[in-house]
Structures are given as structure tokens and as C-alpha cells.
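Biologist: Hey, can you walk me through this one? I'd like to start with what counts as a helix here.

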Amino acid sequence: MQIFHKLNQERTISAPFHLLRGKRSGQTIQDVGIYQLHHFFGILPKLSRKKYDEEISLLIEKQFIRTDEAGSYELMNNHIEDIGNLPFDGWHYRGNEHVFFARLSLIIQSLSHKKAGQMSFIPIQKDEVIQQWVKNFLLINNFQEGTIHEQLMAEMIHSLENTHIEEKVKSIIINRLAGYEVAGFTWQQLSFIEKVSEMDIQLLYIAGLHSWLNSITSQAEQYPLLNNVAQNVRINIPLTGSAFQSTQLFLQGYSIEQISKIRGLKISTIEDHIVELAMNEPHFSIEQFISGRDVQLVLNAIEDYNTKKLKVLHEVLPHLTYFQLRLVLARGDL
């Protein structure tokens, strides 16, 4: 409902699905900037269309929204304040929080079995890349000496205590961990304990991991082991690969037309990349493409017509290109 509300009925019923899965299309990336949806981007990368449609059907049944055959929707109930704001940071993690937790859970399982003198066990994580990463981590940190166990535990306790999330969310994260003769809780078991749906449990868990990871990475010196486990999990340059290449050329002084020729891509594609740069780089000046006066005209039109639809804005301000309009919308400081 929060996503639908932010989209202001200006996209189809499918737009949130692509957003939640983290689709890297120009349209979805553009929507992230225009409608300030960074927090939700890619928080459910494995969400199936079937599950999404089931949730939409529930919203329709509860008369929160209604849809038509063309795929448009209309908000019937705008009371979303009771839902609250979960501290998602999808734009910077995009599902990578699961890599962090997979590493951590296997480390803890390994250390607990070593402490119990049982080095033969079935690893909770089947991914060979995760297994190899954990083996290297344990060897580098001299796990045989037995001190890493206490240090990691101390870092986990202290960092979680200093992460601003609900206690039940911390419990969900901890209860997912497994150790010697201790099985991690399933989503179904946690759903029963907390008396909410499995989807709600998973969303609480993801939001909790995002907050915890931000706490860990912002205090790296205080949590060296956990920061190591979080290595390469947070995306600090959230540009798509192609956009990154284009913006590197742009920052070297090449024009959009020159970059188009160098890369063999359409000018409209390079413009997409510049819009993505404007959306991600707070110090990037869009006034090299549009005057400050015109920026204000766009902001006024958005407020006057209560829309961020490019077609409407272009009709109101025909002297501006779609590219210029998108740059203003991408800034997000509306």
C-alpha cells in the first residue's frame, strides 16, 4: 500500500512487482528516483508473480484498491499510517543481506560444533561459494585457537543492542541461526510464535538485517569480524554496469552524443544512464542540462497538477525535453 500510494496511481498494478524483485529495467530504475522508492527496491528478489497476485487479490478483497482490465489501479483506502515504516534499505542491498546471513549462520554452526568437539556435521548452507568463503574466514581468523567464538558473540550482542529495531525483530534474526544440537526456526514456526503471516516475518527479518548491516558497516572498526562477514554485501555505487561505464566517460568530459558513438548505444540509452547518475549522486548538478528557472517551473507543475507523469508535465512545459523533465524528477528533493 505504501508503494501504491507513492506511485500516485500513475503506474500499472505490475509496477510494485518489478520494484520488489529489483528489476534492472530503465523504467523501474527511473520510477525508483521519480517516486522515491529506494527503500523497497529488490527487497523480495525471489517473489513469484503467483504470490504477488495473491497479495493483490487480498488488497482488492479488503477494498484497499480496485483494478481494471487495462492493469490500472485506484486507491480505495489511503490509511497506510497504521502499517508503519519498516527500515528497508533495498537500494543498497538488493538481496545481498541473505549472503551476509548465510555466511554468518555457517560460521556460527561451525564454531559451535568445534566447541562441542564435533567437527563432522551437515552444513546448513549448501552453496559451495558460501562454504568456501566461510572456510577461508575461519582459517584467516585462526578458529582453532578458540578465541574467535567469544569475540564474534560479543560483536553480535553489542551491535544488535545498538541497532534501532524492535526486540521481536532481533529475536527473529537470532532464532533463524542454528548451532550444535540447535536447529534454526523455520518461517512457519516464527509465524506461529509471532502470530503474523510468513510474508510478514520475512519482511521484518529483511528490514532487521538491513538496519543491522548499516550499523555494522558504519562502525567497522568496532565490529571487525562482522564487518568482514559483511564484505561486498552493501552496494556503495548502485549504478547498473552499463550506466557506470557511461557515467565514467561523461565524468571524463565526453558529451552524451560522443558517449553514444563510443559505446554504440542509442542517445536515449545514454540519457537513461545520466538520469541514473543524477538519482544516485547527490553532488551531480543537473543545471548543466536544465536551467534553475526551468527546474522551478517543473517543481511548480508537479505541485499544481499533483502528478509526476512525464506526458502531463511535457504538455504543461512543452519547451522542455523528456530527458530534462526526468532529470528534475530523478533528483528526488521535491
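Modeller: Sure. A helix is a DSSP run of H or I with at least four residues, and helices are numbered from the N terminus. Keep in mind that this is a predicted model.

Biologist: Okay, so where does Q202 lie?

Modeller: Q202 sits in helix α11, which covers residues 198–218.

Biologist: And is Q202 buried, partly exposed or exposed?

Modeller: Partly exposed, because its relative accessible area is 23% and buried would mean under 20%.

Biologist: How far is Q202 from L190?

Modeller: Their C-alpha atoms are 9.5 Å apart, with the two residues 12 places from each other along the chain.

Biologist: New topic: the core. Which residues touch the most other members of the largest nonpolar core?

Modeller: That core has 97 residues, and the ones touching the most others are F4, F100, L104, I107, L152, W212 and L226. Helix α11 gives the most to this core, with 11 residues.

Biologist: What does W212 touch?

Modeller: Leaving out residues up to four places away in sequence, W212 touches F100, L104, M156, S159, L160, T163, I173 and L226.

Biologist: Switching again, how do α14 and α15 cross?

Modeller: Helix α14 (residues 256–263) and helix α15 (residues 267–280) have axes that come within 9 Å and cross at roughly 115°, so the two are roughly perpendicular. The crossing is right-handed.

Biologist: Which residues make that contact?

Modeller: From α14 you get I256, E257, I259, S260 and R263, and from α15 I267, I270, E271, H273 and I274. By type, that contact has five nonpolar, two polar and three charged residues.

Terms used
Residues numbered from 1 in each chain as written. Predicted model: local features only at pLDDT ≥ 70, side-chain atom pairs only at ≥ 80, totals over all residues. Heavy atoms only, no water. Buried < 20%, exposed > 50% of the residue type's maximum accessible area, 1.4 Å probe, protein only. Axes fitted to C-alpha atoms, helices over the stretch in contact; angles between N-to-C directions. Parallel < 35°, antiparallel > 145°, perpendicular 65-115°, else oblique. Left-handed = near helix turned anticlockwise from the far one by under 90°. Contact = heavy atoms within 4.5 Å. Nonpolar A, V, L, I, M, F, W, Y, C, P; charged D, E, K, R; others polar. Core = buried A, V, L, I, M, F, W, Y, C linked by side-chain atoms within 4.5 Å.
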